[in-house]
Amino acid sequence: MILIAESGSTKTDWIAINRDGNVIFSTQTLGLNASVLASDILFRRIKKNDLIYSQKNDVEKIYFYGAGLGIESAVDRIEEVLSQIFENSSLSLHEDTHAAVYATVDKGKPAIVGILGTGSNCSFYDGKRIEQKVSSLGYIIMDEASGNFFGKQLIRSYYFNELSQEMATKLESKYDLNPNTIKDHLYRKENPNTYLAGVGKFVIQNKKYPLFRTFIFEGLHRFIEHQIFQFPNCYDVPVHFIGSVAYYLEQEIKIALDNYGLKLGRIVKRPIDRLVVYHQELLKQDSAI
């Protein structure tokens, strides 16, 4: 069987298909961002899924699309882990930007594709090739308008006493905001970006609150100016988005793009489904040859 995986920092969607393109199973594991996780953690997260691990010897090909694979060391790390688990399988490894393009664009039509999830990124598809202008340096200094971006803004505002008493109390009822807990998540535990994105959900869930609305539009405007504007023909093509943050901020994204004269294309929350369709079409083409 063929295994297709689309991985962010928070979760990884897996779908297995046979050579006829029929779905065998679908499942999830925790995120497998090899740029921030050690090999033993990556290994454990896959092995913990019994559905995948029990059928590992039946997998003949893996298409893995992952956040963080713009870094050579991360590619080497996930390749080593997958090779150890799926001993009978060949591997095809790609950045998550490829999954974003395959899940949103119409075949052969140019577009800009943004990722807004736990992290953020942006690429241009000219109809054949994928181009990136900005190399991602991760959640600490980049990732505008992402979940972890909003999480950082929220925690800072809470500690700088910028929230109303009502909103602060509401936040305290949902999260442990003890400074030692926060520092433990940020500086000692794995996946600090995922932790921040989890906190950042509060901003999106309460997006009508004026300060949070400011966070959202500041983040979107920075994403547009720093990422989308890297491509000189950005006014001539649609701008598609994938990711849960994009999905829940669809109206705000449309407003932000309108402010800059840009055209919104598709917004896809879960790219794995359209990614599977892409690979099913490839199988049909191969069988027709």
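This is a dialogue between a student and a tutor on reading helix packing, burial and backbone geometry in a predicted model.

Student: How are two packed helices described?

Tutor: Two packed helices are described by the angle between their axes together with the distance between those axes. In this predicted model, helix 5 (residues 147-159) and helix 8 pack with their axes 6 Å apart and at an angle of about 75 degrees. Since angles from 65 to 115 degrees count as roughly perpendicular, helix 5 is roughly perpendicular to helix 8.

Student: Which residues make the contact of helix 5 with helix 8?

Tutor: On the side of helix 5 they are G147, N148, F150, G151, K152, L154 and I155, and on the side of helix 8 they are N193, Y195, L196, A197, V199, G200, F202, V203 and I204. Sorted by class, this contact has 10 nonpolar, 5 polar and 1 charged residues.

Student: Helix 7 packs with helix 8 as well; at what angle, and how far apart are the axes?

Tutor: Helix 7 (residues 179-187) and helix 8 (residues 192-205) have axes 7 Å apart, and the angle between them is about 135 degrees. Helix 7 and helix 8 are therefore oblique to each other, because an angle has to be over 145 degrees to count as roughly antiparallel. Helix 7 contributes I182, H185 and L186 to the contact, and helix 8 contributes P192, Y195 and L196. The residues of this contact divide into 5 nonpolar, 1 polar and no charged.

Student: What is the crossing angle of helix 9 and helix 11, and within what distance do their axes come?

Tutor: The axes of helix 9 (residues 210-226) and helix 11 (residues 250-259) come within 10 Å and cross at roughly 50 degrees. That angle makes helix 9 oblique to helix 11. The handedness can be stated too, for helix 9 passes helix 11 in a right-handed crossing. From helix 9, the residues R213, I216, F217, L220, H221 and I224 meet E252, I253, I255, A256, L257 and N259 of helix 11. The residues of this contact divide into 8 nonpolar, 2 polar and 2 charged.

Student: Is E252 of helix 11 buried or exposed, and what does its side chain contact?

Tutor: E252, which lies in helix 11, has a relative accessible area of 6% and is therefore buried. The side chains of E252 and K207 are joined by a polar contact of 3.3 Å. If its neighbours within four places in sequence are left aside, E252 is in contact with K207, R213, I216, F217 and L220.

Student: How would S92 be read in the same way, starting from where it is placed?

Tutor: S92 is placed in strand 5 (residues 90-95), and its relative accessible area of 13% means that S92 is buried. A polar contact of 2.8 Å links the side chain of S92 with the side chain of H94. Not counting residues up to four places away in sequence, S92 touches K61, I62, Y63 and F64.

Student: Which residues does H279 touch?

Tutor: H279 belongs to helix 12 (residues 272-288) and is buried, with a relative accessible area of 4%. Residues up to four places away in sequence aside, H279 touches I4, Y63 and Y65. The C-alpha atoms of H279 and I4 are separated by 8.6 Å, while these two residues are 275 residues apart along the chain.

Student: How many residues of helix 4 are buried?

Tutor: In helix 4 (residues 96-104), 7 of the 9 residues are buried, so this helix is largely enclosed by the rest of the structure. The buried residues are D96, T97, A99, A100, V101, A103 and T104.

Student: What sign does phi have in most residues other than glycine?

Tutor: Most residues other than glycine have a negative phi. In this model D143 is not a glycine, and yet it has a positive phi of about 65 degrees. D143 is found in the loop between strand 8 (130-131) and helix 5, and at 7% relative accessibility it counts as buried. A145, also not a glycine, has a positive phi of about 65 degrees. A145 is found in the loop between strand 8 and helix 5, and A145 is buried, with a relative accessible area of 0%.

Methods. Residues numbered from 1 in each chain as written. Predicted model: local features only at pLDDT ≥ 70, side-chain atom pairs only at ≥ 80, totals over all residues. Heavy atoms only, no water. Axes fitted to C-alpha atoms, helices over the stretch in contact; angles between N-to-C directions. Helix = DSSP H or I, 4+ residues; strand = E, 2+ residues; numbered from the N terminus. Parallel < 35°, antiparallel > 145°, perpendicular 65-115°, else oblique. Left-handed = near helix turned anticlockwise from the far one by under 90°. Contact = heavy atoms within 4.5 Å. Nonpolar A, V, L, I, M, F, W, Y, C, P; charged D, E, K, R; others polar. Buried < 20%, exposed > 50% of the residue type's maximum accessible area, 1.4 Å probe, protein only. Polar contact = N/O pair within 3.5 Å; in protein donor to acceptor, adjacent residues only side chain to side chain.
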